[in-house]
Amino acid sequence: MASNYISNICFIVILIYFLATINNKSFLPQTNAEGGNCGNAPAASLVPCLGAAKNAKAKVPPICCGKVGALLKTSPKCLCAAILSPIAKNAGANPAIAVTIPKRCNIKNRPIGKKCGRYIVP
């Protein structure tokens, strides 16, 4: 229990540091035809998913499912950007496990079979 709390605190500290040091040129992929970028918001909004992104057997919190579902409706490419971001990796998220969260949340409109880096959304 204490290790989860410490991991979450570390993730938040890393996130704050990252957000404070990044310049306006995002390294994340574009999300729409207008050329908008994902920015840092997707990774930051998925903090409630951190435990589920580390452990495939962990129960996915409902708040995480809600955030993932909303992100898939508005900017599905940003989900991959968040999963593969340095913020998520530094927090200990495992991309191979993180891509399973939409399925574990029973999200019907998930991009089944889509590649997210070298991982495929189940």
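**Entry 1: chain overview**

I began with the contacts in the protein chain between residues at least 6 apart in sequence, and found that 56% of them join residues at least 24 apart. I note here that the model is a predicted one. I then looked up the secondary structure and recorded eight helices and two strands in the protein chain. Along the sequence, I read the pattern as α-α-α-α-α-α-α-α-β-β. I also looked up burial: of the 122 residues in the protein chain, 36% are buried.

**Entry 2: the nonpolar core**

I turned next to the largest nonpolar core, which holds 30 residues. I listed Leu46, Val60, Val68, Leu79 and Ile101 as the residues with the most contacts inside it. I then checked which helices feed this core: helix 3 (50-54), helix 4, helix 5 and helix 6 (86-90) supply at least two residues each. Which helix gives the most to this core? I found that helix 5 does, with six residues.

I followed Val68 further. Leaving aside residues up to four places away in sequence, I found Val68 touching Leu46, Cys49, Leu79, Ile101, Pro102 and Ile107.

**Entry 3: helix 5**

I examined helix 5 residue by residue. Six of its eight residues are buried, and I therefore entered the helix as mostly covered, with buried meaning under 20% relative accessible area. The buried residues of helix 5 are Cys78, Leu79, Cys80, Ala81, Ala82 and Ile83. What do the buried residues of helix 5 pack against? I recorded helix 2 (41-45), helix 4, helix 6, helix 7 (95-98), helix 8 and strand 1.

I also looked up one pair that involves helix 5 and helix 2. Ala82 is among the buried residues of helix 5, while Ala41 is found in helix 2. The two residues are 41 residues apart along the chain, and I read 8.5 Å between their C-alpha atoms. Ala41 itself counts as exposed, at 51% relative accessibility.

**Entry 4: helix 4 against helix 5**

I looked up the geometry of this pair. Helix 4 (residues 62-74) and helix 5 (residues 76-83) pack at an angle of about 130°, and their axes are 5 Å apart. I therefore describe helix 4 and helix 5 as oblique to each other. On the helix 4 side, I listed Val68, Leu71, Leu72 and Thr74; these meet Pro76, Cys78 and Leu79 in helix 5. By class, I counted six nonpolar residues, one polar residue and no charged residues in the contact of helix 4 with helix 5.

**Entry 5: Val99**

I placed Val99 in the loop between helix 7 and helix 8. Is Val99 buried or exposed? I found Val99 buried, with a relative accessible area of 4%. Excluding residues up to four places away in sequence, I noted that Val99 touches Ile83, Cys116, Tyr119, Ile120, Val121 and Pro122. For Val99 and Ile83, which are 16 residues apart along the chain, I read a C-alpha separation of 7.3 Å.

**Entry 6: the loop between helix 8 and strand 1**

I looked up three residues here. Arg110 lies in the loop between helix 8 (101-104) and strand 1 (115-116). I found Arg110 buried, with a relative accessible area of 18%. What lies 2.7 Å from a polar atom of the side chain of Arg110? I identified the backbone oxygen of Pro122. Not counting residues up to four places away in sequence, Arg110 touches Leu72, Pro102, Lys103 and Pro122.

Asn106 is located in the loop between helix 8 and strand 1. I noted a positive phi of about 60° for Asn106, although it is not a glycine. Asn106 counts as exposed, at 54% relative accessibility.

I also found Gly113 in the loop between helix 8 and strand 1. Gly113 counts as partly exposed, at 48% relative accessibility. Setting aside residues up to four places away in sequence, I recorded that Gly113 touches Ile120 and Val121.

**Entry 7: Lys57**

My last lookup was Lys57, which I placed in the loop between helix 3 and helix 4. Lys57 is exposed, with a relative accessible area of 81%. I checked Lys57 against Arg104: the two are 47 residues apart in sequence and 9.7 Å apart in space, C-alpha to C-alpha.

Methods:
Residues numbered from 1 in each chain as written. Predicted model: local features only at pLDDT ≥ 70, side-chain atom pairs only at ≥ 80, totals over all residues. Heavy atoms only, no water. Axes fitted to C-alpha atoms, helices over the stretch in contact; angles between N-to-C directions. Helix = DSSP H or I, 4+ residues; strand = E, 2+ residues; numbered from the N terminus. Parallel < 35°, antiparallel > 145°, perpendicular 65-115°, else oblique. Contact = heavy atoms within 4.5 Å. Nonpolar A, V, L, I, M, F, W, Y, C, P; charged D, E, K, R; others polar. Core = buried A, V, L, I, M, F, W, Y, C linked by side-chain atoms within 4.5 Å. Buried < 20%, exposed > 50% of the residue type's maximum accessible area, 1.4 Å probe, protein only. Polar contact = N/O pair within 3.5 Å; in protein donor to acceptor, adjacent residues only side chain to side chain.
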